[in-house]
Protein chains: 2
Amino acid sequence: MQITSRFTVALHIFTCVEIFKDEYKVTSDFLAGSINTNPVLIRKILTQLKAAGLITVARGTGGIAVTRPISEITFYDVYQAIEPVENGDLFHFHENPNPKCPVGRNIHALLDNKLKAIQSAMEDEMKKYTLEDLKTGALERIANEQ
Amino acid sequence: MQITSRFTVALHIFTCVEIFKDEYKVTSDFLAGSINTNPVLIRKILTQLKAAGLITVARGTGGIAVTRPISEITFYDVYQAIEPVENGDLFHFHENPNPKCPVGRNIHALLDNKLKAIQSAMEDEMKKYTLEDLKTGALERIANEQ
DNA sequence: AAGCATTGTAACACTTGCAATGACGACTCG
DNA sequence: CGAGTCGTCATTGCAAGTGTTACAATGCTT
């Protein structure tokens, strides 16, 4: 099981916006071209990012604007905006363990704090990376190409 | 997107084996009863655990034996045995970014080390918990019930 | 040797979620 | 008004997880 590609696509979108916003009009069609996917998928992701308050999208004229300084937006913010994880739990239990079994009726409580710690470790690492890191990294790589 | 319930089911299986192995014959039917699922699902998971060398399963007579001391088996070992993640990568990229776009042809290399760091943070945390923690935790909880 | 319980595995149906696509209304600007 | 763009819906295809049935293979037990 893998994290949806929508997460990496969202990071791709932010990178494109930052790199190209002065040079081109960054529309969902433009982004779909760079990512090589469908404009509708882009728009769905933009809708999620907008709902999370990370961006605003101009209707009609087109154009995407980031609402906060990109140094203040972390991978975790993007992840939370994109992944519609039920209750925010990364791990999934089997629904109805047998309450007559001593293990069955305790397994959930027993595992819960450990799984939460594992999930938190991942999320805390996500908070270390910002969109600014992404932009500067992209500029470096593009400069080194020539 | 969530981690499959097979992972937590596998941990449930190990806990049951440790708690009940002296008292009952722990078969796939017995486990299916505790977890409240299908014996075939249990057998599929047992097959994965066996392929990873964590357990042996006696055919015919039935019965599950752990091959190593449970203090030496971590959640990570179980996770690796269960999750058939492609290339071991937790995160998933969109397949074919546009090579004509400066961002498109660099995004993969740009994100790779960051995503790997995030994944490693999770996996390292998984290595902190062993099946022994699970067993002692379960015994405590069961004792406190009375 | 025969019977029984159990595992190993294949096959199938069902559900869910992601992704691709087309269509059309809503909105903004020139 | 008209062109361009976003917002959203419906449909389709596909993959994965899960539940279930069925049956062969295995190894005790008698």
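Trainee: By a turn of how many degrees can chain B be laid on chain A?
Mentor: This is a predicted model: local features need pLDDT of at least 70, side-chain atom pairs count only at pLDDT 80 or more, and totals for chains, interfaces and linings use all residues. Residues are numbered from 1 along each chain as its sequence is written, chains are lettered from A and ligands numbered from 1 in the order in which they are written, and side-chain values use heavy atoms, without hydrogens and water. Superposition is by least squares on the C-alpha atoms of residues with pLDDT of at least 70 in both copies. Chain B falls on chain A with an RMSD of 0.0 Å and a shift of 0.0 Å along the axis, by a turn of 180 degrees.

Trainee: What kind of axis is that?
Mentor: Two copies of a chain are related by a rotation about an axis and a shift along it. Here the turn is 180 degrees and the shift is 0.0 Å. That relation is a two-fold axis.

Trainee: Which residue of chain B has the C-alpha nearest the axis?
Mentor: Look for the C-alpha 2.4 Å from the axis. In chain B, that atom belongs to Met122(B).

Trainee: How many residues of chain B are in contact with chain A?
Mentor: Contact means heavy atoms within 4.5 Å. The copies meet through the same surface, because 100% of the interface residues of chain B are also interface residues in chain A. Chain A gives 58 residues, and the count for chain B is 58.

Trainee: How much area do chain B and chain A bury between them?
Mentor: Buried area is the accessible area (1.4 Å probe) that two parts lose on being put together, summed over both. Of this area, 69% is on carbon and sulfur atoms. The total is about 5400 Å².

Trainee: How many residue pairs are in polar contact between chain B and chain A?
Mentor: A polar contact is a pair of N or O atoms within 3.5 Å; within protein, one must be able to donate a hydrogen and the other to accept it, and residues adjacent in sequence count only if both atoms are side-chain atoms. Both residues must be at pLDDT 80 or more. The count is 11.

Trainee: Which element gives the largest share of the side of chain B that touches chain A?
Mentor: Helices (H or I, at least four residues) and strands (E, at least two) are DSSP runs, numbered from the N terminus. α1 (5-20), α2 (28-35), α5 (107-126) and α6 (131-145) of chain B each give two or more residues to this side. The largest share is 12 residues, from α5(B).

Trainee: Which element gives the most to the surface near DNA strand C?
Mentor: A residue is near a strand if one of its heavy atoms lies within 4 Å of it. Of the 23 residues around DNA strand C, Ser5(A), Thr37(A), Asn38(A), Ser28(B) and Lys50(B) come nearest. The most, four residues, comes from α3(B).

Trainee: Which side chain has an N or O atom 3.1 Å from a base oxygen of DNA strand C?
Mentor: Ser5(A) is 2.4 Å from a phosphate oxygen of that strand. Arg59(B) lies 3.1 Å from a sugar or linking oxygen. The base oxygen is 3.1 Å from Arg43(B).

Trainee: What share of the atoms of DNA strand D within 4 Å of the protein is sugar and phosphate?
Mentor: Around DNA strand D there are 25 residues, and Ser28(A), Lys50(A), Gly60(A), Ser5(B) and Thr37(B) come nearest. Sugar and phosphate account for 66%.

Trainee: Which side chain has a polar atom 2.7 Å from a phosphate oxygen of DNA strand D?
Mentor: His94(A) has an N or O atom 3.1 Å from a phosphate oxygen of this strand. Arg59(A) lies 3.2 Å from a sugar or linking oxygen. The 2.7 Å distance belongs to Ser28(A).

Trainee: Which residue meets Glu18(A) in a salt bridge?
Mentor: A salt bridge is a side-chain nitrogen of Lys or Arg within 4 Å of a carboxyl oxygen of Asp or Glu. There are 10 over all chains, but zero between chain B and chain A. Glu18(A) has its partner at 3.6 Å, N to O, in Lys135(A).

Trainee: How many residues apart in sequence are the parts that this pair ties together?
Mentor: Glu18(A) lies in helix α1 of chain A, and Lys135(A) lies in helix α6 of chain A. So the pair ties together parts whose separation in sequence, in residues, is 117.
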